[in-house]
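Here's a quick tour for anyone opening this one up for the first time. Have a look around, then read on.

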Amino acid sequence: MIDLDAISALKSEGAALIQSAGDAAALDQHRIALLGKKGRLTLLLKDLKSVAPDRRRETGAALNEVKEHLEQLFAARQRELARKDAALRLAGEWIDVTLPASALCPSFSPGSIHPLSRVQRELERIFTGLGFQVVDGPEVESEYYNFEALNVPATHPARDMQDTIWTTGGALLRTQTSAMQVRALEQLKPPLRIVAPGRCFRYERIDATHEHTFYQMEGMMVDRVVTVGHLIYFMKTLLREIFGFRPTIRLRPGYFPFVEPGFELDIWFQGRWLELLPCGLVHPRVLEYGGIDPKEWQGFAFGLGLSRLVMSRYQIDDIRHLQGCDLRFLKQFS
Ligand code: FA5
């Protein structure tokens with residue numbers, strides 16, 4: 001026999017149970033016991049037909065009202081428990097980001113800037129101070145920018161000096177940052193001053209001063225009047241700033257198809273001359289490839305051997321240390 005008092009008692013009993021559930025599993029058990037297939041309220045609803053017809057409507061409405069009420073309480077408690085759960089998890093995962101890393105992880109030892117990056121950043125600072133713009137370009141380069149537009153056609157013997165890895169699509173891993181020269185001429189109209197640091201690749205016999213992957217920094221200035229005097233001024237400034245003194249250098253003629261005249265600048269390093277900074281005045285044909293009229297504009301360019309500069313700056317006796325990932329080597333620069 002279902003009477004309204006029993007229904008009301010079930011309502012308050014159910015509400016108390018829901019409120020008392022301490023976690024999601026307990027709450028679910030109460031839900032099954034009250035509203036599940038064989039739950040107390042479900043059974044009462046099924047039993048409605050046993051109620052006298054004149055009271056059936058009123059009893060049914062009361063049961064449905066309790067059902068709705070309890071369902072709402074379940075949903076609310078479920079949300080409350082989920083919030084509590086998340087708060088607990090967060091409390092467990094909380095870290096004080098202001099603590100020094102060594103307090104969180106005693107074996108932690110901080111990394112440091114790689115000497116290559118350090119010198120590159122210094123050079124960028126020096127050259128931006130001299131009105132140069134730092135530009136970046138692709139390491140997977142087209143034959144056009146790496147050779148052709150630098151006045152090095154397919155048949156030119158200078159290509160033999162710079163063998164590299166080619167992709168099946170005819171592109172190549174750039175052999176020199178000079179590939180940025182015509183890209184810059186095309187994109188920036190003169191007067192312009194750029195430096196383009198970056199990674200180069202060559203199919204090379206590896207030794208203490210030659211790597212297959214190494215860094216260069218291209219420099220180029222194009223203006224109405226640019227002379228060898230300008231070129232030497234900027235190169236001397238760069239070396240003095242990087243070393244903090246005037247290193248011993250020598251300038252001698254050098255041949256590169258994309259400059260005329262061309263020079264090699266060598267530095268005295270550990271008892272011998274090291275080729276460091278080839279340079280020259282931009283060849284008129286390269287200016288033309290870049291869409292610049294060589295009768296109106298002149299320029300200089302240099303191709304600094306950045307990896308070698310790092311070697312001589314820090315007295316590193318073997319270029320292979322630079323990319324060897326040996327922590328004993330790297331820790332010396334922290
Ligand atoms: C060039 O790459 C020319 N693009 C340089 C240039 C630019 C000339 C602008 C004129 C005007 P070269 O092949 O000599 O030239 O390389 C330039 C410098 O890169 C070298 O002096 C050397 O310091 C460095 N270098 C070349 N090959 C390697 C290598 N395998 N490993 C480490 N450094 C290298």
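## A greasy spot on the surface

At 47% relative accessibility, L104 counts as partly exposed, because that label covers anything between 20% and 50%. Keep in mind that we're looking at a predicted model here.

You'll find L104 in helix α5, which covers residues 101-104. L104 also belongs to a nonpolar surface patch, where it teams up with I95, V97 and L99. Together, the four have about 390 Å² of accessible area.

## Around the ligand

Now for the ligand, which has 25 residues around it. The closest of them are Q176, S178, R202, E204 and E211.

Some polar contacts are worth zooming in on. The side chain of S178 has an N or O atom 2.7 Å from a ligand nitrogen, and a polar side-chain atom of E204 also sits 2.7 Å from a nitrogen of the ligand. With E275 it's the backbone that takes part: one of its polar atoms is 3.0 Å from a ligand oxygen. On its own the ligand would expose 670 Å², and the protein buries 95% of that.

## Following helix α9

Helix α9 runs through residues 228-243. How far apart should its ends be? At 1.5 Å a residue, its 16 residues should span 22 Å, and the end C-alpha atoms are indeed 22 Å apart.

At the start of α9, a side-chain oxygen of T227 comes within 3.2 Å of the backbone nitrogen of G229. Further along, the buried residues of the helix are L231, F234, M235, T237, L238, L239, I242 and F243. After α9 comes G244, with a positive phi near 80°.

Note on methods
Residues are numbered from 1 along each chain as its sequence is written. This is a predicted model: local features need pLDDT of at least 70, side-chain atom pairs count only at pLDDT 80 or more; totals for chains, interfaces and linings use all residues. Side-chain values use heavy atoms; hydrogens and water are left out. Patches are made of residues with over 30% relative accessible area and no salt bridge: like charges are joined within 9 Å, nonpolar side chains (Val, Leu, Ile, Met, Phe, Trp, Tyr) within 5 Å. Accessible areas come from the Shrake-Rupley method with a 1.4 Å probe; for residues, only the protein chains shown count as cover. A salt bridge is a side-chain nitrogen of Lys or Arg within 4 Å of a carboxyl oxygen of Asp or Glu. Helices (H or I, at least four residues) and strands (E, at least two) are DSSP runs, numbered from the N terminus. Buried means under 20% relative accessible area, exposed over 50%, partly exposed in between (1.4 Å probe, protein chains only). A residue is near a molecule or strand if one of its heavy atoms lies within 4 Å of it. A polar contact is a pair of N or O atoms within 3.5 Å; within protein, one must be able to donate a hydrogen and the other to accept it, and residues adjacent in sequence count only if both atoms are side-chain atoms. The expected span of a helix is 1.5 Å times one less than its number of residues.
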